[in-house]
Amino acid sequence: MKKGFLKVLLVFGLVTGLAIPSSIQTEAAAPSIKVHFIDVGQGDAIYIKAPSGEDILIDAGNKGKGKTVVNYLKKQKVKDIEIMIASHPDADNIGGLPEVMNSIKVKSLYAPKSTNTTAAYKNFVNTAKKKKLTIRNAKAGVKLPIKGVTAQFVGPVKSYGKTDRNNWSAVLHVAYKKNTFLFTGDAQAKAEKDMINAKKKLRADVLKISTQGSKAATSSTFVNAVKPKYAIISVGKNSYDHPNSQTVKTLTKAKAKVYRTDKNKTIVVTGNGSSYKIGK
């Protein structure tokens, strides 16, 4: 049933005293969380629609892919972005964010204080300044103000070297009732180990796989800590052997169902607080 019809039916029931089946009442009242893993080729772009309506965006692929993300968000009727997150300075993650900032109003912005700067990162920072946006520090322990949802960064837990961009990744854990998600950026095995040692909350049903499935991340120890039911790999045509066969094997061994944007295109995971629906 369509939501509009359900609302009318419920109002009619209240006015007339007509008994409305509990199953229909539940369907009408139950909000959901929707996570869109947008196909941007070899890179990451994740759009989260919170149950209370907030719009969250994590990364936007390479420069030029920002237009793809903007078009997708507009189709979803996104008028502004409550929270934008730049996971780390790599171009295939934040390259498209300036295009998004120039097209859609952003209310708050988060990024890790990486000591490594790239041309893409400088463009991101300069655009944020032009938009008069303060970049808040995305680090372990920082919570995001999203109604009805627990969202907290579990990484990075420490500082890394200037050339170690990936391990600086902002890793976000999101929970809506019994629905759990872990967004890893491009965190590598070292950062995974550091998060485990710091006893961060990593258990999640839906795991966004780091670095397009590179063998440098998604260690068996980390996967065993997360225990994912679903693994999403955002990947495009590449010459890096992504996703690596060992990574896929590790996930398969852990009985996680693997989805890939190069095969499945944009993937939408909908959680009603207890179960999941995966489609487009």
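Helices here are DSSP runs of at least four residues, and strands are DSSP runs of at least two.

**Figure 1. The whole chain, in a predicted model.** Welcome to this protein chain, which has 10 helices and 16 strands. Of its 280 residues, 53% are buried. Among contacts with a separation of 6 or more, 65% are between residues 24 or more positions apart. The chain exposes about 13,700 Å², and carbon and sulfur atoms supply 52% of that area.

**Figure 2. The largest cavity and its lining.** Rolling a probe the size of a water molecule over the atoms shows where empty space is left. Searching the whole structure this way turns up two cavities of 30 Å³ or more. The largest has a volume of about 40 Å³. Look for Ile33, Ile48, Ala50, Ile56, Ile146, Val149, Ala151, Leu172 and Val174 around this space. This lining counts nine nonpolar residues, with no polar and no charged ones.

**Figure 3. The second largest cavity and its mixed lining.** Here the volume is about 30 Å³. Phe37, Ile38, Asp44, Ala45, Ile46, Lys208 and Ser234 line this cavity. By class, they comprise four nonpolar, one polar and two charged residues.

**Figure 4. The second largest pocket, with strands in its lining.** This pocket holds about 210 Å³ of space. Its lining has 14 residues, and those closest to the pocket centre are Lys34, Val268, Thr270, Lys277 and Lys280. Three strands, β1 (33-37), β15 (267-271) and β16 (276-279), each supply at least two lining residues. Strand β16 gives the most, with four. The lining divides into four nonpolar, seven polar and three charged residues.

**Figure 5. Thr247 and its surroundings.** You can find Thr247 in helix α9, which spans residues 245-253. Thr247 is buried because its relative accessibility is 2%, where the cut-off for buried is under 20%. Setting aside neighbours within four places in sequence, Thr247 touches Ile209, Gly213, Ser214, Lys215, Ala217 and Thr218. The C-alpha atom of Thr247 is 9.9 Å from that of Gln212, a residue 35 positions away along the chain.

**Figure 6. The salt bridge between Asp90 and Arg165.** Side chains of opposite charge can pair when their charged atoms come close. The structure has eight salt bridges in total. In the one shown here, Asp90 and Arg165 have their closest N and O atoms 2.4 Å apart. Asp90 sits in the loop between β5 (83-85) and α4 (91-94), and Arg165 in the loop between β9 (150-155) and β10 (171-176), so the pair ties together parts 75 residues apart in sequence. Asp90 is buried, at 12% relative accessibility, whereas Arg165 is partly exposed, at 29%.

**Figure 7. The salt bridge between Asp194 and Lys158.** The closest N and O atoms of this pair are 3.7 Å apart. Asp194 belongs to helix α7 (residues 189-197) and Lys158 to the loop between β9 and β10, so the pair links distant parts of the chain, 36 residues apart. Asp194 is buried, with a relative accessible area of 11%, while Lys158 is partly exposed, at 41%.

**Figure 8. Asp262 with Arg260, and a salt-bridge network.** The side chains of Asp262 and Arg260 form a salt bridge, at 2.7 Å from N to O. Asp262 counts as partly exposed, at 27% relative accessibility, and Arg260 as buried, at 19%. Asp80, Glu82 and Lys107 are joined into one network by salt bridges that share partners.

Key:
Residues are numbered from 1 along each chain as its sequence is written. This is a predicted model: local features need pLDDT of at least 70, side-chain atom pairs count only at pLDDT 80 or more; totals for chains, interfaces and linings use all residues. Side-chain values use heavy atoms; hydrogens and water are left out. Buried means under 20% relative accessible area, exposed over 50%, partly exposed in between (1.4 Å probe, protein chains only). Contact means heavy atoms within 4.5 Å. Accessible areas come from the Shrake-Rupley method with a 1.4 Å probe; for residues, only the protein chains shown count as cover. On a 1 Å grid over the protein atoms alone, a cavity is a set of points where a 1.4 Å probe fits but cannot get out, and a pocket is an open set with protein on both sides within 12 Å along at least five of seven lines; lining residues have an atom within 4 Å of a point. Grid points are joined across faces, edges and corners, and a volume is the space filled by probe spheres set on the points. Ala, Val, Leu, Ile, Met, Phe, Trp, Tyr, Cys and Pro count as nonpolar, Asp, Glu, Lys and Arg as charged, and the others, Gly among them, as polar. A salt bridge is a side-chain nitrogen of Lys or Arg within 4 Å of a carboxyl oxygen of Asp or Glu.
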